[in-house]
Amino acid sequence: MKKLSLRQRIGNYLTRANVGDASSWLTNIISRSTPASGANVTSDTSLKVSAVYACVKVISEAISSLPLMLYERVGEGKKPATGHYLFPLLHNAPNNYMTSFEWRECLMAQQLLRGNAYNLKRENGKGQIVELIPLNPANMEPELKNGKVLYKYTWEDLKETIIDLPDTE
């Protein structure tokens with residue numbers, strides 16, 4: 001089968017009358033087994049291209065520079081929830097080695113390059129979140145078991161952790 005360029009694949013899609021299943025046509029447009037150049041393109045290798053690096057940097061910094069406030073409802077209005085235990089975590093520093101700006105910049109870059117971003121939530125004895133630590137999305141593997149999504153994270157030492165999210169009603 002002849003490999004089509006991205007432009008050709010999009011053109012073929014646009015000329016079709018019936019779109020059908022969105023996931024199948026999107027996969028057909030975007031995916032390809034091997035790039036035409038033969039190079040293996042990953043999020044890490046793509047950052048070596050100055051245009052990719054610059055775009056990720058500009059978008060991540062722009063989103064991170066927006067104010068992140070935690071609000072509480074007051075009657076019909078709202079006010080900053082500066083007394084809430086999560087306020088300093090989200091507004092100032094989510095952990096001991098990152099500012100809120102750096103943390104949000106990291107998460108946005110992960111989202112742009114890998115399509116998702118994850119955090120490890122560390123809690124105190126009361127069940128309150130006291131620290132948010134970004135996890136490498138390349139090491140996270142979501143899987144569906146018995147109709148429930150589980151997340152398997154592989155640490156740098158190759159130990160695995162299964163994260164089971166509580167059911168939400």
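**Notebook: salt bridges, a surface patch and a core**

**Entry 1: E61 and its partner.** I began with E61, which counts as partly exposed at 29% relative accessibility. I reminded myself that the model I am reading is a predicted one. Next I asked which residue E61 forms a salt bridge with. My answer was K57, and I noted 2.7 Å between the closest N and O atoms. I then looked up where the two sit: both K57 and E61 are in helix α4, which covers residues 50-64. They are four residues apart, or about one turn of the helix. For K57 I wrote down a relative accessible area of 37%, so this residue is partly exposed because its value falls between the 20% and 50% cut-offs.

**Entry 2: the count, and another pair.** How many salt bridges are there by the rule used here? I noted four. One of them joins the side chains of K79 and E72, with N to O at 3.7 Å. I checked how open these side chains are. K79 has a relative accessible area of 42% and is partly exposed. E72 is partly exposed too, at 35% relative accessibility.

**Entry 3: K145 and E143.** I moved along the chain and found a salt bridge between the side chains of K145 and E143, 3.6 Å from N to O. Here K145 counts as partly exposed at 46% relative accessibility. E143 has a relative accessible area of 22%, and I logged this residue as partly exposed as well.

**Entry 4: a nonpolar patch.** I left the charges and asked which residues form a nonpolar patch on the surface. I listed I59, I63, L66 and L112, which together have about 320 Å² of accessible area. I followed L112 a little further and placed it in helix α6, residues 100-114. With a relative accessible area of 36%, L112 is partly exposed. Its value is over the 30% that a patch residue needs, so L112 passes that cut-off.

**Entry 5: the core.** I then turned inward. Nonpolar side chains tend to be buried together in soluble globular proteins. Which residues make up the largest nonpolar core here? I counted seven: L86, L89, M98, W103, L107, I129 and L132. Two elements, α6 and β4 (129-135), each give two or more residues to this core.

**Entry 6: around M98.** Last, I picked M98 from that core and asked what it is in contact with, leaving aside neighbours within four places in sequence. I wrote down A93, W103, C106 and P134. Among these, W103 is also on my list for the core.

Technical notes
Residues numbered from 1 in each chain as written. Predicted model: local features only at pLDDT ≥ 70, side-chain atom pairs only at ≥ 80, totals over all residues. Heavy atoms only, no water. Buried < 20%, exposed > 50% of the residue type's maximum accessible area, 1.4 Å probe, protein only. Patch = residues over 30% accessible without salt bridge, like charges linked within 9 Å, V, L, I, M, F, W, Y side chains within 5 Å. Areas by Shrake-Rupley, 256 points an atom, 1.4 Å probe, with all protein chains shown as cover. Core = buried A, V, L, I, M, F, W, Y, C linked by side-chain atoms within 4.5 Å. Contact = heavy atoms within 4.5 Å.
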